[in-house]
Amino acid sequence: MVLQDKVAVVTGADSGIGRAIALAFAGAGADIGITCHSDEAGARETARGVEAAGRRAFVARLDVQDSAAVDAAFAAVVAALGVPDILVNNAGKGMGAKTPVAELADEQAEVVIRTNLFGPLWCCRAFLRHHLAAGKSGQIVNISSVAQHLPTDGSAPYGMSKAGLGSLTRSLSVELAPRRINVVGIAPGMIETPMTQERIDDPAKREASFQEIPWHRAGRPEEIAKLALFLVSPDADYLTGQTIVMDGGLTMNWGGA
């Protein structure tokens, strides 16, 4: 198994893409540190799936906006599972209803940017402090969005946060290359997750969304997880600093949509 006896931390692993990645990594031999913001029941279900694969799981509730809480969560993972080899920054927050910039409230913008950008930064910092002290090589995977590359009218803070995450990926890839730590990103398009469920369940919204996607369907969390597993495998050793778009062709079609 490609991740035999590795330790991975997957933030926001209580559902959707995070859960799929946690289960895929466990199936490949890794023990998993699972974080969740509020859905502890979902995180426990992910943990049961990890344990069913014969691997250890540790669950921590975590608001990634809080740097002190991030440090405490990583210390707890280290105590329970050992120093992590892999970090997947998956926890994120959408805008909800579209809001023009002129109407944005401070808190509305700050919570998105702090969750989607500062959160991964604090998690990378905590991961690296333990990881570098142990002298390990390893991998960081940042789950971004096609919003990293596309205009996000009515959701400017979300697009800003994901573009910033792409920059963090590039910067860290150079900083950590001498330590042989790969830093990569995945930019999913429309994926079947709780965040997109309303659009998928509404026939009119679903068809409008699918018209913009050449593949004419939403992606599945398991498809993102398979890509993530490749990116942390030895086969991807020469890949760093890049964000891979997996969107059914959405970004190719955007200009004419």
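Visitor: In what order do the strands of the open sheet stand, and how are they paired?

Guide: In this predicted model, the open sheet has seven strands in the order β3-β2-β1-β4-β5-β6-β7, and the pairing is parallel. The edges are held by β3 and β7 (243–246); each has a single partner strand, so one side of each is left without a neighbour in the sheet. On average, neighbouring strands of this sheet are turned by 15 degrees against each other, direction ignored.

Visitor: How should I read the side chains along a strand, and which way do those of β1 point?

Guide: The general idea is that side chains in a regular strand alternate between the two faces of the sheet. Strand β1 (residues 7–10) offers a case: V7 and V9 point one way, whereas A8 and V10 point the other way. All of these residues are buried.

Visitor: How many bridges join β1 to β2, and how many join β1 to β4?

Guide: Between β1 and β2, which run parallel, there are four bridges. Within this pairing, V10 has I34 of β2 as its bridge partner. Strand β4 (residues 86–89) also runs parallel to β1, and three bridges join the two. Here A8 stands opposite I86 in β4.

Visitor: Which helix lies between β1 and β2 in the β-α-β unit, and is that unit right-handed or left-handed?

Guide: The helix is α1 (residues 16–27), and together with β1 and β2 it makes a right-handed unit.

Visitor: How is β2 joined to β3?

Guide: Strand β2 (residues 31–36) and strand β3 (residues 57–61) run parallel and are joined by five bridges. The chain passes from β2 through helix α2 (residues 40–52) to β3, and this β-α-β crossover is right-handed. Among the bridge partners, I32 is matched with A57 in β3, and C36 is matched with R61 in β3.

Visitor: Let us turn to charged side chains. How many salt bridges does a search of the whole structure find?

Guide: The search finds eleven salt bridges. One of them brings together the side chains of D31 and R56, at 3.0 Å from N to O. This pair links distant parts of the chain, since D31 belongs to strand β2 and R56 to the loop between α2 and β3, 25 residues apart.

Visitor: Are D31 and R56 buried or exposed?

Guide: The two residues are read from their relative accessibility. D31 has 4%, and because buried means under 20%, D31 counts as buried. R56 has a relative accessible area of 40% and is partly exposed.

Visitor: Which residues are joined with D31 and R56 into one network?

Guide: D5 and R55 belong to it as well: salt bridges that share partners join D5, D31, R55 and R56 into one network.

Visitor: Which residue forms a salt bridge with E40, and why does the pair tie together separate parts of the chain?

Guide: The partner is R61, and the closest N and O atoms are 3.8 Å apart. E40 lies in helix α2 and R61 in strand β3, so parts that are 21 residues apart in sequence are tied together. E40 is partly exposed, at 29% relative accessibility. R61 has 52%, and because exposed means over 50%, R61 counts as exposed. R61 is thus described twice, as it is also the bridge partner of C36.

Visitor: What is the distance in the salt bridge between R220 and E223?

Guide: The side chains of R220 and E223 meet at 3.3 Å, N to O. R220 is partly exposed, with a relative accessible area of 38%.

Visitor: How are two packed helices described?

Guide: The description rests on the angle between the axes and the distance between the axes. For helix α3 (residues 67–81) and α4, the angle is about 40 degrees and the axes are 9 Å apart. That angle makes α3 oblique to α4. The crossing of α3 past α4 is right-handed.

Visitor: At what angle do the axes of α4 and α5 cross?

Guide: The axes of helix α4 (residues 106–133) and helix α5 (residues 156–176) cross at roughly 15 degrees and come within 8 Å. Because angles under 35 degrees count as roughly parallel, α4 and α5 are roughly parallel to each other. Their crossing is right-handed.

Notes: Residues are numbered from 1 along each chain as its sequence is written. This is a predicted model: local features need pLDDT of at least 70, side-chain atom pairs count only at pLDDT 80 or more; totals for chains, interfaces and linings use all residues. Side-chain values use heavy atoms; hydrogens and water are left out. Two strands pair if DSSP finds at least two bridges between them. A crossover is right-handed if, with the strands pointing away from the viewer, the path from the first strand over the helix to the second runs clockwise. A salt bridge is a side-chain nitrogen of Lys or Arg within 4 Å of a carboxyl oxygen of Asp or Glu. Buried means under 20% relative accessible area, exposed over 50%, partly exposed in between (1.4 Å probe, protein chains only). Axes are lines fitted to C-alpha atoms, for helices over the stretch in contact, and angles run from 0 to 180 degrees between N-to-C directions. Angles under 35 degrees count as roughly parallel, over 145 as roughly antiparallel, 65 to 115 as roughly perpendicular and the rest as oblique. A crossing is left-handed if the near helix is turned anticlockwise from the far one by less than a right angle, and right-handed if clockwise.
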